[in-house]
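Please look through the model below with its sequence at hand. The paragraphs that follow go from the overall fold to the core, the aromatic rings and the charged pairs.

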Amino acid sequence: MNKFMRMIVFFDLPVTTSKDRKAAAKFRDFLLKDGYHMMQFSVYTRVCNGTDAVEKHEARLNLNLPSRGSIRLLTITEKQFESMHILLGEKTFDDTGESVELLNIF
């Protein structure tokens, strides 16, 4: 049985020139099309079913990196993600176990 994993992408991209802004928008568009959801500004998450899926999506991520900026990837288990404390703000649907349960249905 595969374990659900959560990929978390953190990024800080330059937006001082029109070329930089276009590259940043293209990267964000890629993340959304690849199934990531915005958790906070410049922090996107995606649920994967097992390490094979994580490896596949990490490879896709590497193929779509902009030429400048700082991008980091953290992969944790869904159980670890669920133990996150929200200090200010509210949980969204993507923060709940219900969003992962939908993956089991499909």
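**From the chain to its contacts**

Buried residues, meaning those under 20% relative accessible area (exposed is over 50% and partly exposed lies in between, with a 1.4 Å probe and protein chains only), make up 33% of the 106 residues in the chain. This is a predicted model, in which local features need pLDDT of at least 70 and side-chain atom pairs count only at pLDDT 80 or more, while totals for chains, interfaces and linings use all residues. Residues are numbered from 1 along each chain as its sequence is written, and side-chain values use heavy atoms, with hydrogens and water left out.

The chain holds four helices and four strands, taken as DSSP runs numbered from the N terminus (helices are H or I of at least four residues, strands E of at least two). Along the sequence they follow the pattern β-α-β-β-α-β-α-α. With contact defined as heavy atoms within 4.5 Å, 72% of the contacts between residues at least 6 apart in sequence join residues at least 24 apart. The surface that the chain exposes comes to about 7,600 Å², and carbon and sulfur atoms supply 54% of it; accessible areas come from the Shrake-Rupley method with a 1.4 Å probe, and for residues only the protein chains shown count as cover.

The interior can be approached through its largest nonpolar core, a core being a set of buried Ala, Val, Leu, Ile, Met, Phe, Trp, Tyr and Cys residues joined through side-chain atoms within 4.5 Å. This core has 15 residues, of which Val 9, Phe 11, Phe 27, Leu 31, Tyr 36 and Leu 61 touch the most other members. E1, H1, strand E3 (43–49) and H2 each supply at least two residues of the core. For Phe 27, leaving aside neighbours within four places in sequence, the contacts are Val 9, Phe 11, Leu 13, Leu 61, Asn 64, Leu 65, Pro 66 and Ile 71.

The aromatic rings come next. Rings of Phe, Tyr and Trp (its six-membered ring) pair if their centres lie within 6.5 Å, and planes under 30 degrees apart count as stacked, over 60 as edge-to-face and the rest as tilted. By this rule the count comes to two aromatic pairs. In one of them, the rings of Phe 11 and Phe 27 have centres 5.3 Å apart and planes at 85°, so the arrangement is edge-to-face. Because Phe 11 lies in strand E1 (residues 4–12) and Phe 27 in helix H1 (residues 18–33), this pair ties together parts that are 16 residues apart in sequence. Both Phe 11 and Phe 27 are buried, and ring pairs link them with Tyr 44 into a cluster.

What lies over the face of Phe 81? It is Arg 6, at 3.9 Å from the ring centre, where a charge sits over a ring if NZ of Lys or CZ of Arg is within 6 Å of the ring centre and within 35 degrees of the ring normal.

Arg 6 also takes part in a salt bridge, defined as a side-chain nitrogen of Lys or Arg within 4 Å of a carboxyl oxygen of Asp or Glu. A search of the whole structure finds three salt bridges. In one of these the side chains of Glu 78 and Arg 6 meet at 2.8 Å, N to O, and the pair links distant parts of the chain, with Glu 78 in helix H3 (residues 78–82) and Arg 6 in strand E1, 72 residues apart. Glu 78 counts as buried at 5% relative accessibility, as does Arg 6 at 2%.

Another salt bridge joins the side chains of Asp 20 and Arg 68 (2.9 Å, N to O). Asp 20 lies in helix H1 and Arg 68 in the loop between helix H2 (51–63) and strand E4 (70–77), so this pair ties together parts that are 48 residues apart in sequence. Asp 20 is buried at 12% relative accessibility, whereas Arg 68 is partly exposed, with a relative accessible area of 47%.

There is also a salt bridge between the side chains of Asp 34 and Arg 60 (2.7 Å, N to O). Asp 34 sits in the loop between H1 and strand E2 (37–40) and Arg 60 in helix H2, 26 residues apart. Asp 34 is buried, with a relative accessible area of 5%, while Arg 60 is partly exposed at 37%.
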